[in-house]
Amino acid sequence: MEFPIRVVIYLKKDDQIKNRTTKEMVTATFFAPYEKDVEPYIRIATGDYKDLIKERGKIDALYAMLDSIAHELYHYQQWLEDKELEEEEAEEKGSQLVDEYAENIDSILDF
């Protein structure tokens with residue numbers, strides 16, 4: 001994945017964060033500025049990570065966090081391409097990205 005415009009990912013210690021557009025409490029958000037000269041950013045709630053480990057185990061808890069990041073990174077890609085921010089596509093493509101990462105983790109770590 002290429003990042004022609006820097007996107008910062010903030011890991012928040014809260015269980016949920018407020019979506020600034022919808023005012024809903026969510027686990028991840030992507031800020032998509034109107035102008036491409038303003039940096040976008042991603043916020044990920046990580047406060048429930050220990051609970052996720054207890055409920056799902058370490059691997060699935062980590063997958064959930066990575067999936068949230070990948071989902072928002074696909075919103076970033078949609079924004080770069082001036083597309084509508086489409087949830088279904090971000091869910092599908094984000095999960096595919098994490099699955100691909102998991103399948104190739106051994107070769108990634110052999111650097």
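Q: Is Glu81 buried, partly exposed or exposed, and what is its relative accessible area?
A: In this predicted model, the side chain of Glu81 meets that of Lys83 in a salt bridge, with 3.1 Å from N to O. Partly exposed covers the range between 20% and 50% relative accessible area. Glu81 has a relative accessible area of 46% and is therefore partly exposed.

Q: How many salt bridges does the count come to?
A: Side chains of opposite charge can pair when their charged atoms come close. The cut-off used here is a side-chain nitrogen of Lys or Arg within 4 Å of a carboxyl oxygen of Asp or Glu. Among the pairs is that of Lys83 and Glu81, and by this rule the count comes to three.

Q: Which residue forms a salt bridge with Asp82, and how many residues apart are the two?
A: The closest N and O atoms of Asp82 and Lys36 are 2.7 Å apart, which makes the pair a salt bridge. Distant parts of the chain are linked in this way, since Asp82 lies in the loop between α2 and α3, whereas Lys36 lies in the loop between β4 and β5. The partner of Asp82 is Lys36, and the two are 46 residues apart.

Q: Which residue meets Arg6 in a salt bridge, and where does that residue lie?
A: Arg6 itself belongs to the segment before β1 (8–12), and with 54% relative accessibility Arg6 counts as exposed. The N to O distance of its salt bridge with Glu39 is 3.0 Å, and Glu39, at 37% relative accessibility, counts as partly exposed. The residue asked for is Glu39, in the loop between β4 (28–31) and β5 (41–45).

Q: Are α2 and α3 parallel, antiparallel, perpendicular or oblique to each other?
A: Two packed helices are described by the angle between their axes and the distance between the axes. For helix α2 (residues 58–80) and helix α3 (residues 87–103) the angle is about 125 degrees, and the axes are 7 Å apart. Perpendicular spans 65 to 115 degrees and antiparallel needs over 145, and α2 and α3 are therefore oblique.

Q: How do the residues of the contact of α2 with α3 divide into nonpolar, polar and charged?
A: On the α2 side the contact includes Tyr63, Leu66, Asp67 and His71, and on the α3 side it includes Glu87, Lys93, Leu97 and Tyr101. The residues of this contact divide into eight nonpolar, five polar and six charged.

Terms used:
Residues are numbered from 1 along each chain as its sequence is written. This is a predicted model: local features need pLDDT of at least 70, side-chain atom pairs count only at pLDDT 80 or more; totals for chains, interfaces and linings use all residues. Side-chain values use heavy atoms; hydrogens and water are left out. Axes are lines fitted to C-alpha atoms, for helices over the stretch in contact, and angles run from 0 to 180 degrees between N-to-C directions. Helices (H or I, at least four residues) and strands (E, at least two) are DSSP runs, numbered from the N terminus. Angles under 35 degrees count as roughly parallel, over 145 as roughly antiparallel, 65 to 115 as roughly perpendicular and the rest as oblique. Contact means heavy atoms within 4.5 Å. Ala, Val, Leu, Ile, Met, Phe, Trp, Tyr, Cys and Pro count as nonpolar, Asp, Glu, Lys and Arg as charged, and the others, Gly among them, as polar. Buried means under 20% relative accessible area, exposed over 50%, partly exposed in between (1.4 Å probe, protein chains only).
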